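Reader: I have a structure to look at and some questions about how the chain is packed and what surrounds the ligand. Can we go through them in order?

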Amino acid sequence: MLSIDVSHAASFLPLPYEEALRPRLARAAQWLQNGGGKGDDFIGWVKLPRDHDREEYARILAAAKKIQSDSKALVVIGIGGSYLGARGVIECLCSPNYNLRKKSTPNIYFIGNGLSSDALADVMELLGDDDFSVNVISKSGTTTEPAVAFRFFREKLERKYGKAGAAARIYATTDRSRGALKALADAEGYETFTVPDDVGGRYSVLTAVGLLPIAVAGIDLDELMHGAQELMDRCAVNDFTNPAWQYAAIRSELYHRGKKIELLACFEPAFRFMAEWWKQLYGESEGKDNLGLFPASVDFTADLHSMGQYIQQGERHLLETVVRFAPGKRSQSVPHDALNGDGLNFLAGRTMDYINRQAMDGTLLAHVEGGVPNIILNLGENNARTMGQLIYFFEYACGLSGYLLGVNPFDQPGVEAYKKNMFALLGKPGYEELGRELRSRLEH
Ligand code: PA5
């Protein structure tokens, strides 16, 4: 069961901080549970682990089964909140090398999360002549990156299977009634899944957005939702036994004392895309009104050999949150070597997990000594249940954190700025004047 240890961070704070924050946390919790705070039309995710649409959940499982039976690959098209959660969970639970492994489930390719021609061509080439299906995911149904990628893969499907055959292999996850994707799906007869109106993109991994690709990878959705529900119950408790209260409180306090960057660290490389998901969740939820911790991530021990120097001795504006897993099932012991040319026989017979654990503890002590407060999240075994717990924990703590900061944790007005400029430069109708202005700025 997920637990949090803030003792290596609290030592950086001169006074007990919990009591001072209690009333504000209680109010933030009230806003998350019952509304009344900023952006409260987007708190549907709070009750989602228990109150989700059972009929849709059954359709997700059925669609996953069908894709597993008729496809060698699933192309998942989406960006931001419509992408990172599914990739994070699949890589963490099934390995970043999932597509390279021998398995009975389809390969899963993520695309539409950028505008690179090479990335698009790669997926096209990797698909080759294999049977495949497409899950196109966009809550708004109008985001440029996935919409453009979908054109390519829809065309490929239609060439291969004909229009009707392609339609039977396209699954659209989008708004209940609005947006170009919904209109297209209805017109073409694609099976559709819904992103509920009151769940924003980055809080949507436990809806069809994340659940369909995750189920196709063979991950147990019931366990994932069960884990989320366990944390939902714990997060509903309004005191400091709630790990989300502890996390939100200490990072808020450290932020106000000059720790402006939070590093999410893990000693399992498979966690990398969960960290990407976390970065979006916190960056987009808190980074506004000229406020917010900057969320960054590091893969240890690899990054101890690249970022380790800065973390140990660079500017002291860092705090570190370390995700720890219990030893995995595939234990490996270091072999004995009679010659001991590398001098490593003192490790012979030790498991890699044991060695990794000493690295974790050594790093913790070194970084704390170097002035970096450490928060530890102990997750237990890396499985669907703990992943569900972690997702809900981070989401709930993020809502609390945003409210403690005084911002709306559920909007992202800043994301529009690049889109407006890109549309203007691409000559989208309606943006002509801005296009002229931007081009003249670029020329000077
Ligand atoms: O959190 C968000 O709302 C965003 O990151 C979106 O998920 C992202 O921009 C993709 O949007 P959409 O699902 O509408 O294509």
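Reader: What radius of gyration does the protein have, and why does that agree with a compact globule?

Author: This is a predicted model. A compact globule with 444 residues would have a radius of gyration near 22 Å, so the value for the protein agrees with that. The value for the protein is 23 Å.

Reader: Of the 444 residues, what percentage count as buried?

Author: A residue counts as buried when its relative accessible area is under 20%. Of the 444 residues of the protein, the share that meets this is 51%.

Reader: Which helix gives the most to the largest nonpolar core?

Author: The largest nonpolar core has 98 residues, and Phe271, Phe393, Phe394, Tyr396 and Leu400 touch the most other members. The helix that gives the most to this core spans residues 384-405 and supplies 14 residues. That helix is α15.

Reader: Leaving aside neighbours within four places in sequence, which residues is Phe394 in contact with?

Author: Contact here means heavy atoms within 4.5 Å. With neighbours within four places in sequence left aside, the residues in contact with Phe394 are Tyr247, Leu264, Trp277, Trp278, Leu281, Tyr282 and Leu377.

Reader: How much of the area that the ligand exposes when taken alone does the protein bury?

Author: The residues around the ligand include Ser82, Arg202 and Gln280. An oxygen atom of the ligand is 2.7 Å from an N or O atom in the side chain of Ser82, and one is 2.4 Å from such an atom of Gln280. Taken alone, the ligand exposes 380 Å². The share buried by the protein is 87%.

Conventions: Residues are numbered from 1 along each chain as its sequence is written. This is a predicted model: local features need pLDDT of at least 70, side-chain atom pairs count only at pLDDT 80 or more; totals for chains, interfaces and linings use all residues. Side-chain values use heavy atoms; hydrogens and water are left out. A nonpolar core is a set of buried Ala, Val, Leu, Ile, Met, Phe, Trp, Tyr and Cys residues joined through side-chain atoms within 4.5 Å. Buried means under 20% relative accessible area, exposed over 50%, partly exposed in between (1.4 Å probe, protein chains only). Helices (H or I, at least four residues) and strands (E, at least two) are DSSP runs, numbered from the N terminus. A residue is near a molecule or strand if one of its heavy atoms lies within 4 Å of it. A polar contact is a pair of N or O atoms within 3.5 Å; within protein, one must be able to donate a hydrogen and the other to accept it, and residues adjacent in sequence count only if both atoms are side-chain atoms. Accessible areas come from the Shrake-Rupley method with a 1.4 Å probe; for residues, only the protein chains shown count as cover. The radius of gyration is taken over C-alpha atoms; the globule rule is 2.2 Å times the number of residues to the power 0.38.
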